[in-house]
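Open the model in a viewer and keep the selection panel at hand. The stops below say what to select next and what is there.

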Amino acid sequence: MPASLSWALTIFILMSTSSNSLAAVGRPEFDGASHCLVQLTGLGPLIESLGEETSVLYLEEFEERLKSVSRTQDSLIRLSPDKYCLILDGVSEREHLELAGAKIARTFEAPIDLFGDVLHFDVHAGMVAPSGEVVQSKSLIRLAESALRLASASDEPFVIVDPNEARDREHDPSLIPRMERALEHQEFRLHYQVKIAAKYRTVVGAEALIRWYDAALKKILPPAAFIEVAENSSLIEPLTDFIIRSAIGRCVRWRDPTSVAVNVTPRLLETKNLVSVVGDALDFYGLGANRLTIEITERGTLANRALANIEAIRD
């Protein structure tokens, strides 16, 4: 199967406590600067498909576009070849943050032509809006990680998460019981975002995106309204089970070798239940394991048990 050349560029932006270095993230004061962690995903498939030379040129273009976004007073810090921190000085209002997110999205709209291969950037931005209050750096980092997961699960150019609203959701005693009822009454649904192989201009797969059709509120709720609460409770396991089973059940109807991708949190990788859920669903629907992609929703050090379970899922 040709690797998809429509790259996913995920951006998560947090209102930080920084001067012009990452070392300042540990300070609890808010000084009116915004940190943008910009990360490219899918470097491995690109190298395999087009070679190292093309990948280097692609990364150079990535850096140049980020430089074009950065103003004189901003700082662009390279963390790795595919990850940068852009510190936006003076961006402390929500409206300004929205403009910055829209500008970044526009910057990556145009494709790049490398040796006849037209490569696109898919941009998703998760933002933590300014709250007007002093926020501890650990809380900002946690919200930033949440923003990254929400950006990965959303089909919007960027998503802004309000720290105050996030705090209210965490302390809403009715949300978890409502989500339990929603699972029982099948109010959660999957939407699918198509993945295109730009070189061949063909559909190679889709990513499963969850939505909540809240019957009580009579409206569709995006992941921002419930995913973080689910991840901090036992609900994340049955919710992920539902996503995996539903996605596999839908994928088996598609023409081979079209694949489906689902997002999984690192915490769930440490449980044996995930291995059995994936294996049972593949067996029940008769889907080849090569047509299922498990995407980890955040970077970090995985426990030995999680790594062992990843190997078990691969087997």
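Select Phe-188 and Trp-212 to begin: both residues are buried in this predicted model. Their ring centres are 5.3 Å apart and the planes stand at 35°, so the pair counts as tilted. Phe-188 belongs to strand S8 (residues 188-197) and Trp-212 to strand S9 (residues 202-214), so the pair ties together parts that are 24 residues apart in sequence. Add Phe-226 to the selection: ring pairs link Phe-188, Trp-212 and Phe-226 into a cluster.

Now move to Phe-284 and Tyr-285. Their ring centres lie 4.9 Å apart with the planes at 85°, so this pair is edge-to-face. Phe-284 has 66% relative accessibility and counts as exposed, while Tyr-285, at 35%, counts as partly exposed. The count of aromatic pairs comes to 6.

Next, show Arg-189 and Tyr-213. The charged end of Arg-189 sits over the ring of Tyr-213, at 4.8 Å from the ring centre.

Turn to the helices. Select helix H2 (residues 52-69) and helix H3 (residues 94-107), whose axes come within 10 Å and cross at roughly 145°. The crossing of H2 and H3 is right-handed. Which residues of H2 and H3 meet? On the H2 side they are Arg-65, Ser-68 and Val-69, and on the H3 side Lys-103, Ile-104 and Thr-107. The residues of this contact divide into 2 nonpolar, 2 polar and 2 charged.

Select Val-128, which lies in strand S6 (residues 117-128). Is Val-128 buried or exposed? Its relative accessibility is 0%, so Val-128 counts as buried. Put a distance label between the C-alpha atoms of Val-128 and Pro-163: the two are 6.7 Å apart in space and 35 residues apart in sequence.

The next stop is the loop between helix H8 (236-251) and strand S11 (259-264), where Trp-254 has its place. At 23% relative accessibility Trp-254 counts as partly exposed; the cut-off for buried is under 20%. Leaving aside neighbours within four places in sequence, Trp-254 is in contact with Tyr-192, Ala-206, Ser-259, Val-260 and Arg-291. The C-alpha atoms of Trp-254 and Gly-205 are separated by 9.2 Å, with their positions 49 residues apart along the chain. Stay with the loop between H8 and S11 and select Pro-257, which is also found there. A cis peptide bond joins Asp-256 and Pro-257, with omega about 10°.

Two backbone checks follow. Select Gln-186, in the loop between helix H6 (175-184) and S8. Phi of Gln-186 is near 60°, a positive value in a residue other than glycine. With 62% relative accessibility, Gln-186 counts as exposed. Then select Lys-218, in the loop between S9 and strand S10 (219-221). Phi of Lys-218 is likewise near 60°, a positive value in a residue other than glycine. Lys-218 has 75% relative accessibility and counts as exposed.

Finally, clear the selection and display the whole chain. Its secondary structure comes to 10 helices and 12 strands. The chain has 315 residues, of which 48% count as buried. Of the contacts between residues at least 6 apart in sequence, 70% join residues at least 24 apart.

Note on methods:
Residues numbered from 1 in each chain as written. Predicted model: local features only at pLDDT ≥ 70, side-chain atom pairs only at ≥ 80, totals over all residues. Heavy atoms only, no water. Phe/Tyr/Trp six-rings, centres within 6.5 Å; stacked < 30°, edge-to-face > 60°. Helix = DSSP H or I, 4+ residues; strand = E, 2+ residues; numbered from the N terminus. Buried < 20%, exposed > 50% of the residue type's maximum accessible area, 1.4 Å probe, protein only. Lys NZ or Arg CZ within 6 Å of the ring centre and 35° of its normal. Axes fitted to C-alpha atoms, helices over the stretch in contact; angles between N-to-C directions. Left-handed = near helix turned anticlockwise from the far one by under 90°. Contact = heavy atoms within 4.5 Å. Nonpolar A, V, L, I, M, F, W, Y, C, P; charged D, E, K, R; others polar.
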